[in-house]
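Welcome! Let's explore a protein model together, one question at a time.

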Amino acid sequence: MVSPHPKRIFDRAVELLKGGAREEAEAICRQALEENPRDINFVALLGWLLAESNQLEEAEVLLERAVRTTPGNAKAQEDLGTVLLNLNRPEEALQYLERARELRPPHAPLLSKLGGAYQKLGRVEEADAALKEAATLSPVQAKLEEATRLFIAGKFRESEKLTQALVRENPDNVNAALLLARIAIMAKCYDDARVILERITETKPRFVAAWHDLGTVLKELHHYEEAVSILSDAVNIEPNNALTHYYYGAALAMAARPQDAVDAYQKAVALDPKIPGAHIGLGHVLKTVGDQEGGIEAYRQAIELRPNFGETYYSLSNLKTFRFNNDEIDDMRARLANEQLPVDCRVHFAFSLGKAFEDQKQYDDAFEHYALANQLHRDSIAYDPVQTEVAHRRMCEIFDDDFFARHREGDYGCKRPDPIFIVGLPRSGSTLLEQILASHSLVDGTSELPDISVIAQGLTEPKTGRVFPGCMEDMTPEELAQLGEKYLTQTQRHRGSRPFFTDKMPNNFAYTGFIKAILPSAKIIDARRHPMDSCFGSFKQHFAKGQTFTYDLFELGEFYLEYDRMMSHWNTVLPGQVLRVQYENVVENLEEEVKRILAFCELPFEEGCVNFHETERAVRTASSEQVRQPIYKGALGTWKRFGSHLNELQEILSPVLPEEDRLEN
């Protein structure tokens, strides 16, 4: 097969950039440079793109190459000067910006940057002259360029002020409005971003980047069906825009419509087979609907397009029945060793190698890579174990014996018995319990729904001083009922027509008291597994978001003890209202445990719950392949294979371990 001409590939990268698909454009540039490292067009474009994404150090290296090879390239000179200016190296920046000025006609954005460099060097008169000339040439463009530069430099407040003024003065300038929306997204002010983007799509319906950003904002607000609707409109406006089908597929996946998402992603790759993200998304949803072979093929297509993107390899390793061959392992090791790769890519490669070596029974190598992956990721995230402990303690203080004694005296909460909550820690068998229950003719299996925590935390109102969970003490029975009804309304989109449904968000264990206050008839199941298997299983897993306590063995062990204390509290204040199900017991005595679970949920016994692996349904979590197989014992006691590597965790967990699994003093 003849490869496309570099010019066509370059044009496609530029087109992707225009549509807002920066990651896809970056992937194309990187792939082109792997094939021909001397193609200076891609060197310069990738340098500019990385500069726009605030990856300034790598951008500097690339743009220096571009300037050295083609010193007459005014754009590369300007871009390198911009990078150095954003790195707060104005003296170095100035030589490139001045050279760019010599090479091109008067240009407002360049003059704005020159003015910024002169200002930082204290050359006030030259700064004033450059900025005055920029404003004369194009006052709006000069301000927009400066606002964009501030945004890229991470100076969001300054950028916001300038952009707001631009939008006020030029309400029809959609580029300024889009920048303002992206500043709001960066600040997680999604409601504000939504208002701006909706205004853009109304006035300029063919401005496709705004539709894409609006879909992303609606997903962040958990308005998945609205995101689907918005992006469906965008597809109708430009039916041959591959990127729009790609974003549409992502929205459909989040809206729990995996088969429709498959169709959208397939349309995207049919229109443009060079979008790595579309192949990755397709792999995810094919895995969800049970087409493992199709998922593997989609992931392999993505790897071919973007071989340095570690998440795709991790997606393959997360198919628990997939095995990497030795050549693939060697390739991943080489990529992991490349410290120029973004940290997140190296994290994914390290997790993938941990799984690959574990599959080969090389447990020392496996632990080495799991530990590296966790360390790299832990260094990049914020987690405060003290704050977590305080929050848990506060929940127990509010939802205590007195709270439930007061409410038992009257009518409170929404009495509908629809939800069955499966709580606990990750990697503790909750997906198996969900599959068992979803195999019942009266139960819909959904997924890990975020609604309980969103509703609870949404009760905090800083302006009024109302704070969750303290505000629960003053709530009337009617207000509690309204919160329960709100949860049922919000989760309706995930359900079918059956009277009951599961919600297996594990973190809901901390909200057990809240759940019973607003939904007193709800059933709650505490999914347990041997503490060492549960904790080490979490340590080996790279979660898409959240679960920040799992990336350090000490913090993980301490969190498990917190969880155990909280569940003891709930069992004390809500006796008999939380069913503890031990994974090991389910594996050893499946039918007996199934009957016990169904009896607790007040459901009649059905044989299909024992033959859960025959149930056809979408499963979105890491255990999706395992629950499509009959019960097996291969996951019991796997922590023991790692020996002394887990001594620290074993020591921390000793209060909750069986005596035979405690370390000898």
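Q: Which residue of β3 does V443 stand opposite?
A: Before we start, keep in mind that this is a predicted model. Strand β2, residues 443-444, pairs with β3 in the parallel sense over two bridges. Across from V443, in β3, stands F500.

Q: Which residue of β3 does F421 stand opposite?
A: Strand β1 covers residues 419-424 and runs parallel to β3, with three bridges joining the two. Opposite F421, the residue in β3 is D503.

Q: Are F500, T502, F501 and D503 of β3 buried or exposed?
A: Strand β3 spans residues 500-503. F500 and T502 point one way from the strand, while F501 and D503 point the other way. Whichever way they point, all of them are buried.

Q: What is the order of the five strands in the open sheet?
A: Strands of a sheet can pair either parallel or antiparallel, through backbone hydrogen bonds. In this open sheet the pairing is parallel. Reading across, the order is β2-β3-β1-β4-β5.

Q: Which strands stand at the edges of the sheet?
A: An edge strand here has a single partner strand, so one of its sides is left without a neighbour in the sheet. The strands in that position are β2 and β5.

Q: Which residue in β5 is the bridge partner of A527?
A: Strands β4 and β5 run parallel and are joined by five bridges. One of the pairings links A527 with a residue of β5, namely V581.

Q: What angle does α32 make with β5?
A: Helix α32 packs on the sheet, where it touches β4 and β5. Comparing the direction of α32 with that of β5 gives about 165°.

Q: Within what arc do the buried residues of α32 fall?
A: Helix α32 runs over residues 590-600, and its buried residues are L590, E593, V594, I597, L598 and F600. Looking down the axis of α32, these buried residues line one face of the helix, because they fall within an arc of 160°.

Q: Which exposed residues does the other face of α32 carry, turned away from its buried side?
A: The buried side of α32 has cover from several elements, including α25 (430-438), β4 (523-528), β5 (578-582) and α31 (583-588). On the face turned away from that side, the exposed residues are E592 and A599.

Q: What phi does E602 take?
A: E602 comes just after α32. Its phi is positive, at about 55°.

Q: Is E584 buried or exposed?
A: E584 lies in helix α31. Leaving out residues up to four places away in sequence, E584 touches R528, R529, H530, D533 and L636. The cut-off for buried is under 20% relative accessible area. E584 has 18% relative accessibility, so this residue counts as buried.

Q: Which side chain does a polar contact of 3.0 Å join to that of E584?
A: The contact links two side chains, and one of them belongs to E584. At 3.0 Å, its partner is the side chain of Q582.

Q: How many disulfides does the model have?
A: A disulfide needs two cysteine sulfur atoms within 2.5 Å. For C601, the nearest cysteine sulfur is that of C609, 9.7 Å away, and C601 is in no disulfide. C609 is likewise in no disulfide, its nearest cysteine sulfur being that of C601. The count is zero.

Q: What is the relative accessibility of C609?
A: C601 is buried, with a relative accessible area of 4%. C609 counts as buried too, and its relative accessibility is 0%.

Conventions. Residues are numbered from 1 along each chain as its sequence is written. This is a predicted model: local features need pLDDT of at least 70, side-chain atom pairs count only at pLDDT 80 or more; totals for chains, interfaces and linings use all residues. Side-chain values use heavy atoms; hydrogens and water are left out. Buried means under 20% relative accessible area, exposed over 50%, partly exposed in between (1.4 Å probe, protein chains only). Helices (H or I, at least four residues) and strands (E, at least two) are DSSP runs, numbered from the N terminus. Two strands pair if DSSP finds at least two bridges between them. The arc is that of the directions from the helix axis to the C-beta atoms. Contact means heavy atoms within 4.5 Å. A polar contact is a pair of N or O atoms within 3.5 Å; within protein, one must be able to donate a hydrogen and the other to accept it, and residues adjacent in sequence count only if both atoms are side-chain atoms. Axes are lines fitted to C-alpha atoms, for helices over the stretch in contact, and angles run from 0 to 180 degrees between N-to-C directions.
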